[in-house]
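User: I would like a close look at one part of this structure, with its aromatic side chains as the starting point. Please take the surroundings step by step.

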Amino acid sequence: MNKSGVIICSVKEMPLDEAVAAVFSFCGVERAVSRGTKVLIKPNLCTERPDMIHTANTSLGLIEAVVKRLRDVTPHITIGEADGARYTVEQAYETNGVYGLVERYGVRAVNFSTLEDQVRVPNEALGTWNFAREFLETDYFITLPALKTHATTVFTGSLKNQWGCVPRKDRLVWHKHLDRLLCDIAVLVPPRLSIMDGIVGMQGRGPINGYPIDAGVIIGGTDEVAVDATGMRLIGLDPYSSGHVRLAAERGIGRIAAEDIEIAGDFEKHRVTIEPAAQDWAIKLLNLFSRSEFITENFIMNDRLFYPIRRVVVNLRKLIN
């Protein structure tokens with residue numbers, strides 16, 4: 001059986017543009033993309049909060065380095081993301097500097113949640129769900145996740161990044177099916193390239209409320225499961241501990257076992273020890289309540305109720321800890 005290849009590049013030892021060039025060469029991007037190829041890039045823009053974008057989101061530097069190199073090959077480049085629970089993609093694009101990038105390079109930035117051309121797709125767990133046709137019919141899909149812990153899924157990387165392609169703002173209500181749905185998306189539109197942003201990354205109570213890792217690397221490959229498994233091992237997490245990563249491997253979407261992954265780059269040199277995301281009582285309650293569409297819509301998604309409740313939870317956490 002052929003192994004999956006993953007490359008680790010240090011941005012402390014080479015400029016980011018050179019690191020991205022090394023990933024492109026390793027993954028054969030220039031051979032796969034031509035002038036007529038429609039490329040869709042999905043960064044992780046999970047917050048619009050200026051104080052958190054440095055650790056929670058894919059860095060603008062990585063997005064720009066990828067766009068610059070692609071512009072030498074094709075003019076058909078689109079950046080896509082869906083609305084979050086409490087912010088719009090447009091707010092995230094503005095805060096993260098994506099609109100400036102759009103102007104500089106003549107690329108597009110779209111909101112999967114508001115694109116009119118949506119396609120209903122059968123799904124075993126949900127019956128049907130919808131996606132933007134632009135996502136479903138792209139020629140070459142690139143996922144740019146951030147290297148982060150996650151309080152619900154242990155880790156958020158390449159596979160989890162595609163949750164932001166689901167145009168439903170309250171997709172939290174589907175978290176009870178999350179592992180299988182992430183795998184379903186990976187089968188529906190497999191990324192042709194994954195580049196994980198570990199330039200900073202997040203540890204602790206990710207994916208938004210943790211603190212920096214500062215790993216100083218990017219991790220690339222054409223097998224998103226192998227990229228996730230390698231990223232997890234690099235920060236001391238067991239890939240089998242994350243349900244969606246393990247299930248993706250079981251479904252044959254990619255390789256998870258260390259012996260099935262060939263790594264280019266000095267893995268041992270770039271290992272870091274991080275604080276995992278503990279699933280405390282508050283996270284467990286949120287996951288439980290979000291199983292109810294009524295509670296999700298009327299309490300969790302209702303800012304007038306959610307924020308006062310969150311303040312109480314924050315104070316209780318302080319007292320308990």
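Does Phe131 count as buried or exposed, and at what relative accessibility?

Analyst: Phe131 counts as buried, because its relative accessibility is 0%. Buried stands for a relative accessible area under 20%, exposed for over 50% and partly exposed for values in between, with a 1.4 Å probe and protein chains only. The model is a predicted one, in which local features need pLDDT of at least 70 and side-chain atom pairs count only at pLDDT 80 or more, while totals for chains, interfaces and linings use all residues. Residues are numbered from 1 along each chain as its sequence is written, and side-chain values use heavy atoms, with hydrogens and water left out.

The ring of Phe131 has a partner in Phe135: the two form a tilted aromatic pair, with 5.7 Å from centre to centre and 40° between the planes. Such a pair requires ring centres of Phe, Tyr or Trp (its six-membered ring) within 6.5 Å; planes under 30 degrees apart are stacked, over 60 edge-to-face and the rest tilted. Phe135 also counts as buried, because its relative accessibility is 0%.

This pair belongs to a wider group. Ring pairs link Phe131 and Phe135 with Phe112, Trp129, Phe141 and Trp174 into a cluster. Over the whole structure, the search finds six aromatic pairs. One of the pairs joins Trp129 to Trp174 in an edge-to-face arrangement, with 6.0 Å between the centres and 70° between the planes. Trp129 belongs to strand β6 (residues 127–132) and Trp174 to the loop between α8 and α9, so this contact ties together parts that lie 45 residues apart in sequence. Helices (H or I, at least four residues) and strands (E, at least two) are DSSP runs numbered from the N terminus. Trp129 and Trp174 are each buried.

Trp174 has a further neighbour in Arg168, which lies over the face of the tryptophan ring at 4.7 Å from the ring centre. The criterion is NZ of Lys or CZ of Arg within 6 Å of the ring centre and within 35 degrees of the ring normal. Trp174 therefore appears in the edge-to-face pair with Trp129, as part of the link from the loop between α8 and α9 to strand β6, and it also carries the side chain of Arg168 over its face.

Next to Phe135 in sequence is Glu134, whose side chain is joined to that of Thr78 by a polar contact of 3.5 Å. A polar contact is a pair of N or O atoms within 3.5 Å; within protein, one must be able to donate a hydrogen and the other to accept it, and residues adjacent in sequence count only if both atoms are side-chain atoms. Thr78 sits in strand β3 (residues 77–81). Thr78 counts as buried, because its relative accessibility is 6%.

For comparison, a buried helix may be set beside these residues. Helix α10 (residues 224–234) is mostly covered, with 11 of its 11 residues buried. Among them are Glu224, Asp228 and Arg233, together with Val225, Val227, Met232 and Leu234. At the start of α10, a side-chain oxygen of Asp223 comes to within 3.0 Å of the backbone nitrogen of Val225. After the helix comes Gly236, which has a positive phi near 85°.

Some backbone details elsewhere in the chain also merit inspection. Val154 has a positive phi, near 75°, although it is a residue other than glycine. Val154 lies in strand β9 (residues 154–156), and it counts as partly exposed because its relative accessible area is 26%. Asp214 likewise combines a positive phi, near 60°, with being a residue other than glycine. Asp214 is placed in the loop between β11 and β12 (217–221), and it is partly exposed because its relative accessibility is 45%. The peptide bond from Gly206 to Pro207 is cis, with omega near 15°. Pro207 itself is located in the loop between β10 (193–203) and β11 (211–212).

To return to the question, Phe131 is buried at 0% relative accessibility, and its ring belongs to the cluster that also includes Trp129, Phe135 and Trp174.
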